[in-house]
Amino acid sequence: MYTASDPMTKVEKDTEEYRDHINTVNAQGKRAWIFAKKPKGKFYNWRTLVSYVLLFLMFAGPYVRIHGQPILLLNVLERKFILFGFVFWPQDFYIVVLGLLAMILTIVLFTSVFGRIWCGWTCPQTIFLEMLFRKIEYAIEGDFQEQKQLAIAPWNAGKIFKKTSKVVIFYTLSFLIANTFLSYIIGSEELWKIIREPVSQHIGGFVAINLFTVIFFLVFARFREQACHFACPYGRFQSALVDNDTISVTYDFKRGEKRGTLGQRKKSGPIALSAAGAQLATSASASQYGDCIDCGACVVVCPEGIDIRNGIQLECIQCTACIDACNKMMQAVGKPPGLIRYTSHNTVAAGSPARRKIPIKFRTVGYLTLWLVLVSAFAYLVLAREKIETVLLRQPGMLSQKLPDGFVTNLYSLKIFNKTFETQNAQVRLADIPGEIRLIDPVGEIGPQKVAEARFFIALKSELVAGASRPIELEVWSNGKLIRKKKTVFIAAGGT
Ligand code: SF4
Ligand code: SF4
């Protein structure tokens, strides 16, 4: 349910009342729609630039190939993962888990030092919502005041046209995102097959694309900031990671309080205007006020519907829109920028004008140490893992056979996982004993990133197998090089 109330009226006046409710729910318990003012300023420009680079990388990602492999593939269904050209097979799952742990720890480390920098600058939810969907909304419906008017206006041709255009564009964009998302899971080639071939051959893929499209559409058209407030696990646990030394988007209450509007200041004393016509009064009565002119600009611009002057809040995604808005107001009234800035609560409380101070604390060092251990272990395991993996099994439950030619045979199977980007020409040889390898399936050529399975008999003269069994050793050769020695057991005639 839309509400046309002006967010300016929601500005809390030095009370703790904001803790008792969330700004996206009104007094009747219904959704209070946030009409955020279009941000403008230095930080917004930087964020836009970063977002466009990330959006380009994200949309191009599935089509960029290294050695013919996608740069990123997260096929959880087949447990095949590719990260920047490194292919991880199901056998490498522990390395993937370690990589994920390292990634989580990276976010934890950054959060403890720099707050939710991830949310404001790189999170796909923020980038899609703020840099794509909301920009389209501004282009179609105008800035926040016009959007509010449109929301409560009767349904006429103009409103129907605007709302329909928005839904069509949002849905198309959601469809594109869903396709890209799916190509990260199944690969772009599979996606092309789903697109080109009859739907009947790809019912699962067709359902997945449409399901993701609807989910993305609902998230970006309706659910919006609530994803950060209620659904995102990172948003939930980040409060456990930050403390008063964490660098976040922070209101300088020492400098800003006591806040007073220009009107209040005028009443309490004359305001001396600068040559630019904007200098605030500094007369004795007017100097009871801090630099905050209580204009509400930082509130109306907030896409999360909060007032940063209440301090660090769970809802804040560190998008910096309030910094830009406040800097503009400070400039307008001839005050230095940075009333809202990247700094820590403790820096502000100490009355320091420092813009930032990197907090090096015991837990930061602890996170950093653990992070280094995990990243080093991950890098070592990736680089040191076997490029060609082999699994040799004696066929379980098979009896050995005594043949008329005097040989005793055992059946084996050999799986070869070619994790390289070259074709492997594999052979199996007996290492330490005279005998024969009688192939059922040839080992032969194994393509890049492919697996091959061969079954074969090992035939030994019966006099070489004195007891019930004996250990033997096999050599696996590929492209003329010995790549692996495998030990196994040979069962004598009559054994199992
Ligand atoms: S308080 Fe400021 S930084 Fe936080 S979400 Fe709102 S506008 Fe963005
Ligand atoms: S934008 Fe700056 S001056 Fe205006 S209310 Fe917010 S903190 Fe105060």
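Colleague: Let's start in the sheet: which residue of β16 stands opposite V476?

Modeller: That's R484. Keep in mind that this is a predicted model. A little further along, E475 stands opposite K485 in β16.

Colleague: How do you know that β15 and β16 are paired strands?

Modeller: Pairing takes at least two bridges between two strands. β15 (residues 469-478) and β16 are joined by 10 bridges, so they count as a pair under that cut-off. They run antiparallel.

Colleague: And what makes β11 and β15 a pair?

Modeller: Again, at least two bridges are needed, and five bridges link β11 (residues 424-430) with β15, in the antiparallel sense. V476 turns up here too, as the bridge partner of V428.

Colleague: What is the order of the four strands in the open sheet?

Modeller: Reading across, β13-β11-β15-β16, with antiparallel pairing.

Colleague: Why are β13 and β16 said to stand at the edges?

Modeller: Each of them, β13 (444-446) and β16 (481-491), has a single partner strand, so one side of each has no neighbour in the sheet. From one strand to the next, the twist averages 30 degrees.

Colleague: What do β15 and β16 form, and what is special about N479 in the turn?

Modeller: They make a hairpin with two residues between them. N479 sits in that turn and has a positive phi of about 50 degrees.

Colleague: On to the largest nonpolar core: which residues touch the most other members?

Modeller: Those are C298, V301, C322, C326 and I340, out of 46 residues in that core. α14 provides the largest share of this core, seven residues.

Colleague: Why is this core placed between domain 1 and domain 2?

Modeller: Because domain 1 (7-240) and domain 2 (248-349) both give residues to the core, it lies between them.

Colleague: Which residues are the closest to ligand 2?

Modeller: C292, C295, A297, C298 and C326, from a shell of 16 residues. C298 and C326 were also in the core list above.

Colleague: Which element gives the most to the shell around ligand 2?

Modeller: α14, with three residues. Both α13 (297-300) and α14 (321-332) supply at least two residues of that shell. By class, the shell holds 11 nonpolar, two polar and three charged residues.

Colleague: How many residues surround ligand 1, and which are the closest?

Modeller: There are 13, the closest being C302, I308, C316, C319 and C322. This shell has 10 nonpolar, two polar and one charged residues.

Key. Residues numbered from 1 in each chain as written. Chains lettered and ligands numbered in written order. Predicted model: local features only at pLDDT ≥ 70, side-chain atom pairs only at ≥ 80, totals over all residues. Near = placed C-beta within 6 Å. Nonpolar A, V, L, I, M, F, W, Y, C, P; charged D, E, K, R; others polar. Axes fitted to C-alpha atoms, helices over the stretch in contact; angles between N-to-C directions. Core = buried A, V, L, I, M, F, W, Y, C linked by C-beta atoms within 7 Å. Buried ≥ 20, exposed ≤ 12 C-beta atoms within 10 Å, placed from the backbone. Domains from an automatic or database assignment.
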